[in-house]
Amino acid sequence: EKGYGTGEHAPGLKLGGCGAYKAAHHIIKAHAKVWHSYNNTWRSEQQGMVGISLTSGWGEPVDPHSQADVEAAERYIQFHLGWFANPIYRGDYPEVMKNYVGRKSAQQGLGTSRLPTFSVQEKSYVKGTSDFLGIGHFTTRYVIQKSFPLLQVSHYHSDHDLAELVDPKWPAPGSKWLYSVPWGFRRLLNFIKTQYGNPLVYVTENGISEKVQCPQLCDEWRIEYLKGYINEILKALNDGVNVKGYTAWSLLDKFEWNKGFSERFGLYYVDFKNKNKPRYPKASVDYYKNIISANGFPNPREVMS
């Protein structure tokens, strides 16, 4: 969407309401081809696994008693995670995506939907092409119904007719989009369990950045974030979600998309101004080391049910 819709990420193409959907369509079919290639050629010899890693926030209805808000939150998840996961686990795009993009395309006077379609053969070829689901998750949004005017040029963000809100009490120490909302992770993992047949899940990305340079390396907000989110994964395990592994994002401060080096996700501080790029452990390193060595929280009292 950012590469082929708004153009703010590489390759920087501003293709409006068609580009992101076309790019995603090719990604899904290319992924399936790789999976089948491995399955037919290497699996019997290597016994390896091929999966896909998808990133999604959680969408929570502002008013859980409002049908419109509940449906808007469902659209939020389906337009983010379901866009890619639904074809791979169920054989086609989510119905709500097909309905909304199709209707908006018709209102624009287009003969066909801006969301591409899979042929019958492609649906069966794509379905089941993941031995595990990698999930990147960082944050949550409250979601409400919001209709966009017909005169507006339709694009990915106006197609799903919703607005995203945040709670001002949510901690937000770093990237402006990233609020610490641990409970959303358990709900997302349970959504994956029920929607996609409880697949094997590896958490491939989960972490928080800081914008302020902390010379004492005292990232207590990262410790709180890790504690909260890992605790919610443990609750999801108790719910029966098939989570097999967890990867904190990230080991080192790094180049962060179009933010460059200004947002630091690392457990280790990197001095980018020094040509040798020395690395220094932040306070979160010791905390996370203890979690790894105990394969969970060393102190059972830290875990809240």
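Are Asp 159 and Arg 114 buried or exposed? In this predicted model, both Asp 159 and Arg 114 are buried, and the paragraphs below lead from the chain as a whole to this pair and then to some features of the backbone.

The chain contains 9 helices and 9 strands. Its radius of gyration is 21 Å, close to the 19 Å that the globule rule gives for 305 residues, so the chain is as compact as a globular protein of that length. Taken along the principal axes, the box filled by the C-alpha atoms is roughly 60 × 50 × 50 Å. Of the 305 residues, 48% count as buried, and among the contacts between residues at least 6 apart in sequence, 65% join residues that are at least 24 apart. The accessible surface of the chain comes to about 15600 Å², and 56% of this surface belongs to carbon and sulfur atoms.

The charged side chains give a second view of the fold. The chain carries 36 positive and 29 negative charges, whose mean positions are 4 Å apart. Side chains of opposite charge can pair when their charged atoms come close, and a search of the whole structure finds 19 salt bridges.

One of these salt bridges joins Lys 104 and Asp 161, with the closest N and O atoms 2.6 Å apart. This pair links distant parts of the chain, since Lys 104 belongs to helix H4 (residues 95–107), whereas Asp 161 sits in the loop between helix H6 (156–159) and strand E5 (162–165), 57 residues apart. Both Lys 104 and Asp 161 are buried.

The pair of the opening question is a salt bridge between Asp 159 and Arg 114, in which the closest N and O atoms are 2.7 Å apart. Asp 159 lies in helix H6 and Arg 114 in the loop between H4 and helix H5 (120–126), so the salt bridge ties together parts that are 45 residues apart in sequence.

A local pairing is found in helix H8 (residues 220–238), where Lys 235 and Glu 232 lie 3 residues apart, about one turn of the helix. Lys 235 and Glu 232 form a salt bridge whose closest N and O atoms are 2.7 Å apart. Lys 235 has a relative accessibility of 15% and therefore counts as buried, and Glu 232 is buried as well. Measuring across the model from C-alpha to C-alpha, Lys 235 and Ser 154 are 39 Å apart in space and 81 residues apart in sequence. Elsewhere, salt bridges link Glu 210, Asp 219, Arg 222, Asp 253, Arg 264 and Lys 282 in a network.

The backbone itself has several features to inspect. The peptide bond from Ala 10 to Pro 11 is cis, with omega near 5°, and Pro 11 is placed in the segment before helix H1 (16–41). Another cis peptide bond joins Trp 249 and Ser 250, with omega at about 5°; Ser 250 is in the loop between strand E7 (243–246) and strand E8 (268–270).

Asn 198, although not a glycine, has a positive phi of about 50°, and its place is in the loop between helix H7 (183–195) and strand E6 (201–205). With a relative accessible area of 26%, Asn 198 is partly exposed. Asn 295, also not a glycine, has a positive phi of about 50° and is found in the segment after helix H9 (283–294). The relative accessible area of Asn 295 is 72%, so this residue counts as exposed.

Terms used
Residues are numbered from 1 along each chain as its sequence is written. This is a predicted model: local features need pLDDT of at least 70, side-chain atom pairs count only at pLDDT 80 or more; totals for chains, interfaces and linings use all residues. Side-chain values use heavy atoms; hydrogens and water are left out. Helices (H or I, at least four residues) and strands (E, at least two) are DSSP runs, numbered from the N terminus. The radius of gyration is taken over C-alpha atoms; the globule rule is 2.2 Å times the number of residues to the power 0.38. Buried means under 20% relative accessible area, exposed over 50%, partly exposed in between (1.4 Å probe, protein chains only). Contact means heavy atoms within 4.5 Å. Accessible areas come from the Shrake-Rupley method with a 1.4 Å probe; for residues, only the protein chains shown count as cover. Lys and Arg count as positive and Asp and Glu as negative; His and the chain ends are not counted. The place of a charge is taken as NZ of Lys, CZ of Arg, CG of Asp or CD of Glu. A salt bridge is a side-chain nitrogen of Lys or Arg within 4 Å of a carboxyl oxygen of Asp or Glu.
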